[in-house]
Amino acid sequence: MTRPVHTLPKAHLHLHFTGSMRLATLEEMAASHGVRLPRALIENWPPDLGDAEVRGWFRFQRLYDAARACVRGEADMRRIVDEAAADDAAEGSGWLELQVDPTSYAPFVGGLTPALEIVLDEARAAGERHGIGVGIVVAASRTRHPLDARTLARLAAHHAGDGPGQVVGFGLSNDERRGDTADFAHAFRIAANAGLASVPHGGELLGAGHVEQVLDELHPDRIGHGVRSVENPAVLEHVVANDVTLEVCPGSNVALGVYHAPGEVPLRTLADAGARIALGADDPLLFGSRLADQYEIARTAHGFDDEALAGLARGSIEGSRAPESVRQRLLAGVDRWLETPEASDGTEVTEGRAATGAREGSAVEPAAR
Ligand SMILES: [Zn+2]
């Protein structure tokens, strides 16, 4: 006796640009550019990244780079944003914060600025087409020089806003074991001064000590993953006391071998400690699961009932940078979802009701500066 998770209004705060791609789209792009994709990526999809933590990450990085090499210009970039918005909206997401490092795409479109402008323009347009608000998180990489992160932070600051088609946050991604977190503090100050949310990755490949470092140095509003804060109760307390939202991506954690099974992801521990959680898909292209699947994991592997799932959805909305009117609309949609009668199985809800749910979750707002 459960309600379908794809009609539960929610926000999606952890989705990477290339990683959001549909496999079929990647294959089409590769064919059109004459690029041969690694067999490991396309045969027996989703790829087996291995269960050892280190091997998992390096395999992941190699395949991610191969996918990124197929994105070669404005049309490809616009298609990725469009499909990410469409796929998210179809799963009840009313607000998407798509994370992009424009560096790799810049050479094909004449520089960093046009690369970001294309993404922002399409975010606004695709959001309107699909009935979802799409904000952008600009992410720097730990594998590059910290001065490069400052350049991206200045670019992000220039496009800062709180509506669809604007930059709403600044992130730091790639291998947590690379670079010194403190070296990126200056970039995060630039972003924070422009009003951007601070949303670095942390505490996935590394443990609670890394979460503490990220808290101290980057003053995050949210942490990408942060699940391993459970390894030190004091750090988890610090996360909760600082009102930091954790972008928890169970499918990603298991695919990368951080945990061996969905039930091992410490979702319950985090929730019981009072942490605000926003479930995310991270990279569906490589992990094989999308946003609604993460809510299914919470239900099936962790026993979250509909009230608890609604709590997760509220966490995603409250942790987002969606405009206030969108937040209120989505939160009201969550309440209505709980008021609808339970389906006897997940498939009994009519298309009509599913469509209404999606509309309740939609969140198109005029772009505002
Ligand atoms: Zn991520």
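This tour moves through the structure one selection at a time and says what is there at each stop.

The model is predicted, so local features are described only at pLDDT of at least 70 and side-chain atom pairs only at pLDDT 80 or more, while totals for chains, interfaces and linings use all residues. Residues are numbered from 1 along each chain as its sequence is written, and side-chain values use heavy atoms, with hydrogens and water left out.

**First stop: the five-stranded sheet**

Begin by showing strands 1 to 5, which form an open sheet in the order 1-2-3-4-5 with parallel pairing. Helices (H or I, at least four residues) and strands (E, at least two) are DSSP runs numbered from the N terminus, and two strands pair if DSSP finds at least two bridges between them. Strand 1 (10-16) and strand 5 (197-198) stand at the edges, and because each has a single partner strand, one side of each is left without a neighbour in the sheet. Next select residues 93-100 and 133-141, which are strand 2 and strand 3, running parallel and joined by six bridges; V100 has V138 of strand 3 as its bridge partner. Add helix 8 (residues 185-193), which packs on the sheet and touches strand 4 (167-173) and strand 5, where contact means heavy atoms within 4.5 Å. The direction of helix 8 makes about 170° with that of strand 4, on a scale from 0 to 180 degrees between N-to-C directions, with axes fitted to C-alpha atoms, for helices over the stretch in contact.

**Second stop: the zinc ion**

Select the zinc ion together with H14, H16, H201 and D282, which coordinate the ion through NE2 of each histidine and OD of the aspartate at 2.1 to 2.3 Å. Donors here are N, O and S atoms within 2.8 Å of the metal (3.2 Å for Na, K and Ca), and a site may look incomplete because water is not among the atoms. Along the chain the donors follow the spacing H-x1-H-x184-H-x80-D. H16 in strand 1 and H201 in strand 6 (residues 201-202) are 185 residues apart, so that this pair links distant parts of the chain. H16, at 10% relative accessibility, is buried, and H201 is buried at 7%; buried means under 20% relative accessible area, exposed over 50% and partly exposed in between (1.4 Å probe, protein chains only).

**Third stop: the four-stranded sheet**

From H201, in strand 6, continue to an open sheet of four strands in the order 6-7-8-9, again with parallel pairing. Strand 7 (residues 222-225) and strand 8 (residues 245-248) pair over three bridges, with R222 opposite T245 and I223 opposite L246. Both faces of strand 8 are covered, since T245 and E247 on one side and L246 and V248 on the other are all buried. Strand 8 also pairs with strand 9 over four bridges, and V248 stands opposite L279 there.

**Last stop: two loops**

Finally, select the loop between helix 2 (39-42) and helix 3 (53-68), where P46 lies and where the peptide bond from W45 to P46 is cis, with omega near -5°. N44 is in this loop too; its phi is near 55°, a positive value in a residue other than glycine, and at 72% relative accessibility N44 is exposed. H219, in the loop between helix 9 (208-218) and strand 7, has a positive phi of about 45° although it is not a glycine, and H219 is exposed at 59% relative accessibility.
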